[in-house]
Amino acid sequence: MAEIAPRGAADAALRQRARAVIPGGMYGHQSARPLPPEYPQFMREGRGARVWDVDGNEYVDLMCSYGPVLLGHRHPAVEAAARAQAELADCQNGPGPVMVDLAELLVATVRHADWAMFAKNGTDATTMCATIARAATGRKRMLVARGAYHGAAPWCTPRPAGTTEQDRANLGYYTFNDLASVRAAADEAGGDLAAIMVSPFKHDAGHDQELVDPEFARGLRDLCDATGAALILDDVRCGFRLHLGSSWEPIGIDPDLSAWSKAIANGYPLAAVLGNDRFRAGASDIFVTGSFWFSAVPMAAGIATIGALADEGAIEVMERAGNLLRDGICAQAKAHGLEINYTGPVQMPYLTFAGDEDYALGRRFAAAALIRGAYLHPRHNWFVSAALTDADIARVLAATDEAFAEVKTGAVELIDS
């Protein structure tokens, strides 16, 4: 396969301009600075399962904007719904009727939901869940899994620069899939336990993923029922990618509150908090808002996204594509004599090399795949979209096969950054 040259003049010029006006040149999870030097910083276009950087290089997209793109870039039904709403209005003095339409659709789609509230980002949603739980219970303490990511607010950011100890003073910690550790943390919190927050599966960045043990999930539900605490499911990363409903519906566990964002509007800025009637009053009592939280265009996109998920069997499409990708990559690694771990649901896989503690092999692999047209990540789980075709998968597998060969020989040719 012919190699491409991602780091071109347009990207370099934008990086130089950005360094003058943006702290650090770029910030947050989309900063290319931690990635291998082959990665572009700036992207120009997306269509289906393909993306193009500002220098015109084309990639099969296995990151999907770190999760928000579920149906593929520029999905026709979603774009048509967004355009139709934009012709009426977006940000107004009050929300449009589409807000009620979307809330009704979410309540009808997600089993545990009796009501819905909307925001813009996953951090908004998880923070709102915590606030609602505290308002409803009159308690302060909340338990989270060690290493879990629940957003970038001071109470949960993984990089604590600029925060205070008091921001996390009411957090307790447990180990995912270890019910004894949860019970110990709950005992320490005592009568002040407001909530337990949990991800649908363990997807900590930089670590092999771990599916939830249904008995662990049931134990959390029983513990919250016994103590009166809220069970909060952080479905921001997984929501609607694993199941058309809450991600724990297939194992029969319903949370009290759930946080959603990323894929629920196929890339349009939208987040949601869903909850049951026990927490309706607490949700009514708190004051949360944002200048753009009520904008109508993303809500119209959200309705179209949920409709397309059902009409197109999109989750089954993603499962099929994810299985083809997993089977192909695992077979390639075996053929090259490389031991890998390929963990997590097939719609959200994560690849690591055995013994690769400093991620050197992962970085070599990702860089080699990138320059052959497959955009994936060396330390974060990937995302499979419903737009991924057999031709896209074939291109990815051609790229990963050569990437495995380069990892095996140690002969990756780095492009001059």
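A cavity, as the word is used on this tour, is a set of grid points where a 1.4 Å probe fits but cannot get out, and its volume is the space filled by probe spheres set on those points. The model on your screen is a predicted one.

Begin with the whole chain in cartoon view, where 11 helices and 13 strands can be traced. Along its principal axes the C-alpha trace spans about 60 × 55 × 45 Å, and the radius of gyration is 22 Å, which agrees with the value near 22 Å that a compact globule of 417 residues would have. If you colour by accessibility, buried residues account for 56% of the 417 residues. Of the contacts between residues at least 6 apart in sequence, 75% join residues at least 24 apart.

Next, turn to the enclosed spaces, of which a search of the whole structure finds two with 30 Å³ or more. For the largest cavity, select Ala145, Arg146, Ala148, Tyr149, Phe176, Ser199, Phe201, Lys202, His203 and Asp204, the residues that line it. Its volume is about 60 Å³, and the lining is made up of five nonpolar, two polar and three charged residues.

Then move to the second largest cavity, which has a volume of about 40 Å³, and select its lining residues Leu351, Phe353, Gly362, Phe365, Leu376, His377, Pro378 and Trp382. Strand 12 (350–353) and helix 10 (360–370) are the elements that each give two or more residues to this lining. By class, six of the lining residues are nonpolar and two are polar, with no charged residue present.

From the cavities, go on to an open site, the second largest pocket, with a volume of about 270 Å³. Thirteen residues line this pocket, and a useful selection is Phe201, Leu211, Leu242, Ser247 and Pro345, which lie nearest its centre. Phe201 also belongs to the lining of the largest cavity. The pocket lining divides into 10 nonpolar residues, two polar and one charged.

Finish with the cysteines, for which a search of the whole structure finds zero disulfides. Select Cys156 together with Cys129: the closest cysteine sulfur to that of Cys156 is the one in Cys129, and because the two are 12 Å apart, they are too far from each other for a bond. Cys156 is buried, with a relative accessible area of 10%, whereas Cys91, the last residue to select, has 46% relative accessibility and therefore counts as partly exposed.

Methods. Residues numbered from 1 in each chain as written. Predicted model: local features only at pLDDT ≥ 70, side-chain atom pairs only at ≥ 80, totals over all residues. Heavy atoms only, no water. 1 Å grid on protein atoms, 1.4 Å probe; cavity = no way out; pocket = protein on both sides within 12 Å on 5 of 7 lines; lining within 4 Å. Nonpolar A, V, L, I, M, F, W, Y, C, P; charged D, E, K, R; others polar. Helix = DSSP H or I, 4+ residues; strand = E, 2+ residues; numbered from the N terminus. Disulfide = S-S within 2.5 Å. Buried < 20%, exposed > 50% of the residue type's maximum accessible area, 1.4 Å probe, protein only. Rg over C-alpha atoms; globule rule 2.2 N^0.38 Å. Contact = heavy atoms within 4.5 Å.
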